Amino acid sequence: MLQTPTRHLHFIDNEPTAAENGESIPVVDPSDGTVFAQIARGSAHDIERAVGAARRAFDGAWGRQTALERGRVLQRWSDLIEAQREELAVLEARDTGKPITQARADATALARYLEFYGGAADKFHGETLPYQSGYTVLTIREPHGVTGHIIPWNYPMQIFGRSVGAALAVGNACVVKPAEDACLSLLRAAELAVEAGLPAGALNIVTGFGPEAGAALSAHPGIDHISFTGSPLTGKLVAQAAAVHHCPVTLELGGKSPQIVFADADLDAALPVLTNAIIQNCGQTCSAGSRVLIERSLYGALLERLAERFGALRAGPAMADLELGPLISDKQRTRVRDFLAKAESGGIRTVAQGSIVGEAPSQGFYLPATLLADVPTDHLVAQEEVFGPVLAAIPFDDEDEAVRIANGTPYGLVAGIWTRDGGRQLRMARRVRAGQVFVNNYGAGGGVELPFGGFKHSGYGREKGFEALYGFTALKTIAIRHG
Ligand code: NAI
Ligand code: MG
């Protein structure tokens, strides 16, 4: 059945708002390649309007709300998201191709972020400091003002939740630029914010392409803080544009995260986690465990068990809810295929490959899961973020070598360590350069409560948890001389 694609507008000042240029971008379903919606193609003009609306909210109704009131709005919004979870999940599954169970988990995570930050809003405060006699000195944490949020397509609801939830909790007004490949769930979530009582202008969403709407947002002098999640190259462009007007930036730029397995590990516990850490969201996860480092005495045996699992992994349409959906776009599939071609021409061994199920439409962007073995540590697939369902297995001989390999990439986002030896757990956790370290488990980014962010080229600044509230505020010191 041929359906007329639905048209989605920007969300500015609590209203659907057409793009000034009247242009739109087709929205493609990665599961079957069909166009099912249109989004507005934002330009600098639309960003201007959104920043203006946010500034008015910050100087007006939103800026005047107490922490308690802000917290309650976020909590009501959280309840509405939870109530509409299925609708949001179906929308997300269609827009991104992710299996419906993962989309549901993302909607729940969005609700949970809003609940967490709603609860935190009135529990965040400054200090009183010792100083010279006759003085009282106190600090207060103030919102930056208007914050910009550039969101990638891999986890729109989660990344929006962690970033906008924290920014709003402490009183900022937000302008969001979602990825052109995945906007729909956020536009729907914004409608629910109105129902929850969020004043007009506190949250604005401008859809569009990165070099147009995204670049205009990063360069806008009315933006007081930018939070960006995406590729290292785009992160650099955003930080450069922001630097022109001395705008602070938080960058989360992905990784090449190692899962380090020692011979004494509990393999039954490790195996499903090792696999899931890379195939979740079809490998399109900044914190994907994309390298498995295995102690040599275990290498052959573990590789065999991993190969068995990889061989059984199926890719299919989002609503079929298999282990893998399609990749987000044909462009992303081409990118992953290029990495695989380079692995092959580099003589790297493919030890197992999953399948694409028969009912998967041929126009969808499917790619089977792939397990590569004996990957040289300096090869591209051991160094760079593939952002696809590709796991690189690498043997190591001892702790020192494991640390060297683990730290031997430009990134440092997450690490997993599998061992029963308590001393080694702590030694390794301390030596690995990563923003999050999981021992005998692996959380792609971990829970809502856990601070998250990178070392090295994985970025700087921390989001999630209570820690994020510091990043979304500026500290003011007030020194009172009273004699
Ligand atoms: P990207 O980094 O270009 O896109 C992320 C966001 O930035 C999107 O909203 C995009 O519209 C925006 N953007 C793009 N160019 C911009 C500019 N000049 N100024 C401001 N904003 C801009 O990533 P892309 O092209 O979608 O994917 C390329 C690769 O990046 C992926 O294959 C993957 O390796 C990596 N990536 C990493 C992510 C992560 O979570 N670490 C998320 C998305 C992509
Ligand atoms: Mg899409």
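A pocket, as the word is used here, is an open set of grid points where a 1.4 Å probe fits, with protein on both sides within 12 Å along at least five of seven lines. In this predicted model, the largest pocket is the space taken by ligand 1.

Which domains give residues to the shell around ligand 1? Domain 1 (6-253) contributes to it and so does domain 2 (258-447), and because both take part, the ligand lies between them. Among the elements of secondary structure, α8 (210-219), β11 (225-229), α9 (232-243) and α12 (330-345) each provide at least two residues of this shell, and α8 supplies the largest share, with 5 residues.

The surroundings of ligand 1 consist of 29 residues, of which W153, K177, E180, S231 and R335 come nearest. Sorted by character, the residues of the shell are 14 nonpolar, 10 polar and 5 charged.

Polar contacts between ligand 1 and the protein include the following.

| Residue | Protein atom | Atom of ligand 1 | Distance |
|---|---|---|---|
| Q332 | polar side-chain atom | oxygen | 2.9 Å |
| A215 | polar backbone atom | nitrogen | 3.4 Å |
| E385 | N or O atom in the side chain | oxygen | 3.4 Å |

Beyond these contacts, how much of the accessible area of ligand 1 does the protein cover? On its own, ligand 1 has 800 Å² of accessible area, and the protein covers 90% of that area.

Notes
Residues numbered from 1 in each chain as written. Chains lettered and ligands numbered in written order. Predicted model: local features only at pLDDT ≥ 70, side-chain atom pairs only at ≥ 80, totals over all residues. Heavy atoms only, no water. Near = heavy atom within 4 Å. Polar contact = N/O pair within 3.5 Å; in protein donor to acceptor, adjacent residues only side chain to side chain. Areas by Shrake-Rupley, 256 points an atom, 1.4 Å probe, with all protein chains shown as cover. 1 Å grid on protein atoms, 1.4 Å probe; cavity = no way out; pocket = protein on both sides within 12 Å on 5 of 7 lines; lining within 4 Å. Sits in = over half its atoms within 2 Å of the grid points. Helix = DSSP H or I, 4+ residues; strand = E, 2+ residues; numbered from the N terminus. Nonpolar A, V, L, I, M, F, W, Y, C, P; charged D, E, K, R; others polar. Domains from an automatic or database assignment.
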